[in-house]
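Student: Could we go through this structure together, one piece at a time? I'd like to start with a sheet and then move on to the helices and the ligand.

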Amino acid sequence: MTNKQIIEKLLESLEEVRQRPRLFFGEDAPPVLNFLLGFNLACEAAEIDKSYQDMYLKIQMERNWQINNALHPVVLMARQGLAKDAIIQEALILEIETWKRLLAELPIMNNLKNQFLLDPTVTFLNHGSFGACPKPVFETYQRWQLELERQPVEFLGRRFDDLMDQARARLADYLHAPADSLIFVPNATAGVNTVARSLNLQPGDEILTTDHEYGACDLTWQFVCRQTGAVYLRHPIPLPVTNHADFVESFWSAVTPRTRVIFISHITSPTALIFPVAEICRRAREAGILTIVDGAHAPGQIPLDLDAIGADAYTGNCHKWLCAPKGAAFLVVRPDLHNQINPLIVSWGDMNETLTFVNRNQWQGTREPSAFLSVPTAIDFQQEHHWDNVRLRCHQMASEMRGRLAELFGLAPICPDSPEWFGQMITVPLPPCDPTILKTRLYDEFRVEVPIVTWGGNHYVRVSFQGYNTPTDADALVHALQKILC
Ligand SMILES: Cc1ncc(COP(=O)(O)O)c(C=O)c1O
């Protein structure tokens, strides 16, 4: 069903409720009509996933249209002594009008779940680990693969560079980055490795980072330090974080005259926090320190403007929150550094010293480029499905989840309830538990796929919300955690 069809069906069924209120509400319908009851009935009639009701109730409430509240128009009508039947009629007209407005503004009613290939028997709340690819994007990916196999020499020998250039241009435009500074890499780990292993580090040079980084990237830098004698310094950022200014001050206090590189996540892996990377990059540029941002979780989860962030090097995954097929990521490097960055695999592109950054990196031996070539379709998919609204809905689910779990366990959240600090993914503290047993039981007994994270000696659950998730998924997790831990 398209959004338009859903809206039409919903309005049709609300209209039916309006025509025959007694049938739906009975003789004793209360004077204060429950907004949700009407919507529930309409959803049922239109066969729409009822789990959206909480979300819309929340949006509604945020608009000061509070239910059962003294300001509710129905309460006001009742106070004016209007007859019950008239109130019911008025309330339903109001409801229809409200829904018309709301649905026109937020055309996200169709459940995105059926657009994805995920196993419907699993409550999938771990988009953060490897993403998930929508059907139309995956079909594009498979079409590229088939086309390649039909005539491999034509595809890889003649068309490869043009196709890659087109895909790069589209991604660069999406990211607000210059296309000739962007190369495709198979994953963010490769992006970090490409830069880290190119730098001419000297013994005693310092690479400053935080203690919230992705483990494999820590290992990359430790490897580079073993080779060069440089030092990797993981500056502690204790929880809870409070505000960006304090964060930047605390992080900056660890800068020394020997700091040559700052390596920092845009959105952290264990703690799912958005770090204020633009301000760190600005300060670092003034101080002549190189910045490398690990944006593995950023593209698709938060709006990205790489030009405004101003990192010397920024790597990000398209296969996580942009929902591209696995094996699609990018690295953007500032033009003045192009010549310093070596390809991870030296191949035909290195024949001539004067070749560009893109040429030196684009061909790394024979490899399957279909994931890269599908990135424009992933961008289209999100734009066609009003991803700003999807993100907002997911953020609201994330915000709600942290509140529910904080209440359930009596443990304070790790950051303020703000889109400044988290997007569609949240890390929430758990009471003392065995993380391995908890993870196993969540999956084996409740079919809930969600990572349990250990950070700083404490255990957390990291919950991802993507377009395919509904409040029913959130309920399933809360129910399972309650059963296992309470
Ligand atoms: C912050 C961060 N950086 C890097 C990576 C590595 O991504 P990939 O496995 O795609 O290289 C991850 C993976 O989850 C991550 O969370």
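**Sheets, helix packing and the ligand shell**

Tutor: Keeping in mind that this is a predicted model, we can begin with an open sheet of three antiparallel strands, whose order is E9-E12-E11.

Student: Which strands stand at the edges there?

Tutor: The edges are taken by strand E9 (425-429) and strand E11 (452-455), and because each has a single partner strand, one side of each is left without a neighbour in the sheet. From one strand to the next, the twist averages 35°.

Student: And over how many bridges do E11 and E12 pair?

Tutor: E11 pairs with strand E12, residues 458-464, over four bridges in the antiparallel sense. As one point of register, Thr454 stands opposite His459 in E12.

Student: OK, helices now. At what angle do H19 and H20 pack?

Tutor: Helix H19 (residues 435-446) packs against helix H20 (residues 471-485) at an angle of about 120°, and their axes are 11 Å apart. That angle is why H19 is described as oblique to H20. The crossing in which H19 passes H20 is right-handed.

Student: Which residues meet there?

Tutor: From H19 there are Leu438, Arg441, Leu442 and Phe446, and they meet Ala476, Ala480 and Ile484 in H20. Sorted by class, the residues of this contact of H19 with H20 are six nonpolar, no polar and one charged.

Student: What about H18 and H20, how do their axes cross?

Tutor: The axes of helix H18 (residues 387-409) and H20 cross at roughly 20° and come within 11 Å. With that angle, H18 is therefore roughly parallel to H20, and H18 passes H20 in a right-handed crossing.

Student: Who makes that contact?

Tutor: On the H18 side the contact is made by Met397, Glu400, Met401, Arg404 and Leu408, while H20 brings Pro471, Ala474, Val478, Leu481 and Gln482. By class, this contact of H18 with H20 has seven nonpolar, one polar and two charged residues.

Student: Switching to the other sheet: in what order do its seven strands come?

Tutor: The seven strands form an open sheet with mixed pairing, in the order E2-E8-E7-E6-E5-E3-E4. E2 and E4 are the edge strands, each of them pairing on one side only, and the twist averages 20° from one strand to the next.

Student: How many bridges join E5 to E6?

Tutor: Strand E5 (residues 259-265) and strand E6 (residues 290-295) run parallel and are joined by five bridges. Within that pairing, Ile262 has Thr291 in E6 as its bridge partner.

Student: Which strands does H10 lie across?

Tutor: H10 lies across E2, E6, strand E7 (313-317) and strand E8 (329-333), and the helix runs at about 160° to E7. Helix H10 (188-196) also matters for your ligand topic, since H10 and helix H11 (215-228) each supply at least two residues of the shell around the ligand.

Student: Good, so which residues are around the ligand?

Tutor: They are Asn187, Ala188, Thr189, Tyr214, Ala216, Cys217, Ser265, Ser269, Asp294, Ala296, His297 and Asn317. That shell has five nonpolar, six polar and one charged residues by class.

Student: One more helix pair: how far apart are the axes of H9 and H17?

Tutor: The axes of H9 and helix H17 (residues 375-384) are 8 Å apart, and the two helices pack at an angle of about 40°. That angle makes H9 oblique to H17. In the contact, Ala167, Arg170, Leu171 and Tyr174 in H9 meet Val375, Pro376 and Ile379 in H17, which by class gives six nonpolar, no polar and one charged residues.

Student: Any backbone details to look at? Which residues does the cis peptide bond join?

Tutor: The cis peptide bond joins Leu239 and Pro240, with omega at about 0°, and Pro240 has its place in the loop between strand E4 (231-235) and helix H12 (244-252).

Student: And what is phi of His176?

Tutor: Phi of His176 is near 55°, which is a positive value in a residue other than glycine. His176 is found in the loop between helix H9 (152-175) and strand E2 (182-185).

Methods. Residues are numbered from 1 along each chain as its sequence is written. This is a predicted model: local features need pLDDT of at least 70, side-chain atom pairs count only at pLDDT 80 or more; totals for chains, interfaces and linings use all residues. Two strands pair if DSSP finds at least two bridges between them. Axes are lines fitted to C-alpha atoms, for helices over the stretch in contact, and angles run from 0 to 180 degrees between N-to-C directions. Angles under 35 degrees count as roughly parallel, over 145 as roughly antiparallel, 65 to 115 as roughly perpendicular and the rest as oblique. A crossing is left-handed if the near helix is turned anticlockwise from the far one by less than a right angle, and right-handed if clockwise. Two residues are in contact if their C-beta atoms, placed from the backbone, lie within 7 Å. Ala, Val, Leu, Ile, Met, Phe, Trp, Tyr, Cys and Pro count as nonpolar, Asp, Glu, Lys and Arg as charged, and the others, Gly among them, as polar. A residue is near a molecule or strand if its C-beta atom, placed from the backbone, lies within 6 Å of it.
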